[in-house]
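Colleague: Let's go through this model together. I'll ask, you answer.

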Amino acid sequence: MSSLSETSSRHHYPMGLAQASTAFTKRSLLTPSDIALVQSIQQEVVNSGEHDNPQNVSHHNPNHKHCTFLHKPCGASLPANPLRALAPQVLGKLLRFAQASWASSTWSSSSGPISSVSPPGTPSGGVGNLSLRVAEHWHYDVGGHLDNDRHYDQGSVLTIVTALNEDFTGGVFRTFEPSGEHAEHPLAPGDSLCIVSHKFHNVTPVLSGFRESLVLELWEGGITHGR
Ligand SMILES: O=C(O)CCC(=O)C(=O)O
Ligand SMILES: [Fe+2]
């Protein structure tokens, strides 16, 4: 109510409200050539050397999945933020989708999970007021999964997940709803989903083939090359 509490709550996103929030899906947001571009950037990052997320190296075998950061410097041959520099139109599509999702949601209404963040349509509000925290390419082999029902992306505001391939079974993206049930969000290649980052989400085990996804997190913390 007071401006002091509003200021101090700027980076507080109530967990309970996030769980009740809606997920938005956009079919075929990325074209096959957009996907091929993202995959080629991921390959360039891998080939350039330092692509491993140190926090995820140990996950490579036990968890059968692997992360490549597409937002941080990785050697002299690539720009500092490879996805933004080499695929600005792809990033633009994803950010515009996040903006449209937010604008049609109640996420930043007074009783919404991100009421502390200025919504689209207000001066310097919306996605333009957030920064790209991470752009992650995920590769899940058979057995790869994200099995914590209460996994969420702490500290971020919006998460945008895009499917990059379809040559697998299992590997379904789900949200864990307040009812205690999982809602499945099947995603075909190029389909994107946008959620408030504090909404619980998970991925069922890949049963055959491999699964590739692009995960963007937007936050209020400014440009980062870290994490
Ligand atoms: O790969 C996905 O679909 C989502 C992964 C995820 O939620 C995460 O890495 O935080
Ligand atoms: Fe996540």
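Colleague: How many contacts beyond four places in sequence does the model have for residues 1-9?

Modeller: This is a predicted model: local features need pLDDT of at least 70, side-chain atom pairs need pLDDT 80 or more, and totals for chains, interfaces and linings use all residues. Residues are numbered from 1 along each chain as its sequence is written, while chains are lettered from A and ligands numbered from 1 in the order written. Over residues 1-9, pLDDT (the predictor's confidence in each residue, from 0 to 100) stays under 50. Counting a contact when two C-beta atoms, placed from the backbone, lie within 7 Å, the model has one for this stretch beyond four places in sequence.

Colleague: What pLDDT does the protein average?

Modeller: Residues 55-60 also stay under 50. Yet 88% of the residues score at least 70. The average is 89.

Colleague: Which strands stand at the edges of the six-stranded sheet?

Modeller: Strands are DSSP runs of E, at least two residues; helices are runs of H or I, at least four; both are numbered from the N terminus. Two strands pair if DSSP finds at least two bridges between them. The open sheet has the order S1-S8-S4-S11-S3-S2, with antiparallel pairing. Each edge strand has a single partner, so one side is left without a neighbour in the sheet: these are S1 (24-26) and S2 (65-69).

Colleague: Which residue in S8 does Leu-158 stand opposite?

Modeller: Strand S4 (158-163) pairs with strand S8 (192-196) over five bridges. The sense is antiparallel. Opposite Leu-158 stands Val-196.

Colleague: What angle does the direction of helix H5 make with that of S4?

Modeller: Helix H5 (88-103) packs on the sheet and touches S1, S4, S8 and S11 (211-219). Axes are lines fitted to C-alpha atoms, for helices over the stretch in contact, and angles run from 0 to 180 degrees between N-to-C directions. The angle is about 125 degrees.

Colleague: Which elements give two or more residues to the shell around ligand 1?

Modeller: A residue counts as near if its C-beta atom, placed from the backbone, lies within 6 Å of the molecule. The shell includes His-201, Val-203, Ser-213 and Val-215. The elements are strand S9 (201-203) and S11.

Colleague: Where does S9 stand in the sheet of three strands, and which strand shares that position?

Modeller: This open sheet has the order S7-S6-S9. Three bridges join S6 (173-176) to S9. S9 pairs on one side only, an edge strand like S7 (182-184).
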